[in-house]
Amino acid sequence: MKKEIIDTKTYRHSFSSVNKFSKNPSAWLCHYALGIKTPVNAFMTRGTLAEKGAYWLIKRESKMLSIENYEKNIKRLFEKSKFLNAEKEIENAIGCGRQFMKALYERQLRKVVSYQKEKRTDLTEYGLKYKILTFTDFEFDNVIIDTKSKMRLIQPYPHEIRQQCLYSKVYGKPTALLIATPKKYAFHEILPSDVEPNFQHLLTQLKALENFIDMCDNDITKAIKNTSLNTDDFYWDDNTKMEANKVWQQIIKSN
């Protein structure tokens, strides 16, 4: 019996999904078709805590409530979420969260319209079968801002800019990237002229993903037989490498 790559009735694209497919199709198959996923790492933990910390600060200050328990709140969130091997990132997250809030307040961005909003957008007018699911960080009246916590300030990666161009297209609003370290931040506005070319680039990637599923007849076995296993990038840890190798070997031997 054929095991499907995706459930065509419920499947939705996402930016993280298509970005992973464009960089490493075998990693995409493991994550989205086989359910072989790498656990949340320390850097992702820092980002989650910093973002939620900034939101907590903004909400508290907007209601003129005390923020003296900010650090305790971050530590409590860390313990509640049971993040593993990431204790060293707690202090970094505390600092990044403060920088996020500082940057937003300096730009008079204090009224959050939505936080981590989920939206499904139909893409059939662009020749795609499936909707795309987007999650925005901070939405304000006139701008959408995505936060990135890092240990040094660097220019945004192309895929980070492309993601914001997607949000701009979906919401019809300007977008920006807010990058923060524990001690400083950089604010990167996405130029209107960048939106359409980056969105078209993304459409090309989405069509390639849909074509891949179609060419494999939505069959996992066929997809694996036609996809080289590449475990040389950051998408893998020792456990996922071992599980993926086992699956690929079983399918190749059964050929």
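At 76% relative accessibility, Met 64 is exposed. This residue sits in the loop that joins α3 to α4. Its phi is positive, about 55 degrees, although Met 64 is not a glycine. The model is predicted. Asn 218 also has a positive phi of about 55 degrees and is likewise not a glycine. Its place is the loop between α7 and α8, the latter spanning residues 220-225. Asn 218 has a relative accessibility of 9%. The cut-off for buried is under 20%, so Asn 218 counts as buried. The two residues thus pair a positive phi with opposite surroundings: Met 64 is exposed, whereas Asn 218 is buried.

The loop of Met 64 leads to helix α4. This helix covers residues 70-81, twelve in number. From the first C-alpha to the last, α4 reaches 17 Å. That is close to the 16 Å expected at 1.5 Å a residue. Five residues of α4 are listed as buried: Tyr 70, Asn 73, Ile 74, Leu 77 and Phe 78. They lie on the same side of α4, because their arc around the axis is only 140 degrees. An α-helix has 3.6 residues a turn, so residues three or four places apart point the same way. The buried residues of α4 pack against two helices, α3 (42-62) and α5 (89-106). The face turned away from this buried side carries Lys 72, Glu 79 and Lys 80, which are exposed.

Helix α5 also holds Gln 99. With a relative accessible area of 10%, Gln 99 is buried. Leaving aside residues up to four places away in sequence, Gln 99 touches Ala 180, Thr 181, Pro 182, Lys 183, Lys 184 and Tyr 185.

A further helix pair is formed by α1 (residues 15-23) and α6 (residues 158-171). They pack at an angle of about 140 degrees. Their axes are 11 Å apart. The crossing of α1 past α6 is right-handed. On the α1 side, the contact is made by Phe 15, Asn 19 and Lys 23. On the α6 side, it is made by His 159, Arg 162, Gln 163 and Leu 166. By class, the residues of this contact are two nonpolar, three polar and two charged.

Two partly exposed residues were also examined for partners distant in sequence. Lys 117 lies in strand β2, which runs over residues 114-121. Its relative accessible area is 34%, so Lys 117 is partly exposed. Lys 117 and Phe 135 are 18 residues apart along the chain, with their C-alpha atoms separated by 5.3 Å. Phe 135 is also among the residues that Lys 117 touches. The others are Thr 134, Thr 136, Glu 139 and Tyr 171, with residues up to four places away in sequence not counted.

Glu 196 belongs to helix α7, residues 192-215. At 34% relative accessibility, Glu 196 is partly exposed. Between Glu 196 and Lys 169 there are 7.9 Å in space, C-alpha to C-alpha. In sequence, these two residues are 27 residues apart.

Note on methods: Residues are numbered from 1 along each chain as its sequence is written. This is a predicted model: local features need pLDDT of at least 70, side-chain atom pairs count only at pLDDT 80 or more; totals for chains, interfaces and linings use all residues. Side-chain values use heavy atoms; hydrogens and water are left out. Helices (H or I, at least four residues) and strands (E, at least two) are DSSP runs, numbered from the N terminus. The expected span of a helix is 1.5 Å times one less than its number of residues. Buried means under 20% relative accessible area, exposed over 50%, partly exposed in between (1.4 Å probe, protein chains only). The arc is that of the directions from the helix axis to the C-beta atoms. Contact means heavy atoms within 4.5 Å. Axes are lines fitted to C-alpha atoms, for helices over the stretch in contact, and angles run from 0 to 180 degrees between N-to-C directions. A crossing is left-handed if the near helix is turned anticlockwise from the far one by less than a right angle, and right-handed if clockwise. Ala, Val, Leu, Ile, Met, Phe, Trp, Tyr, Cys and Pro count as nonpolar, Asp, Glu, Lys and Arg as charged, and the others, Gly among them, as polar.
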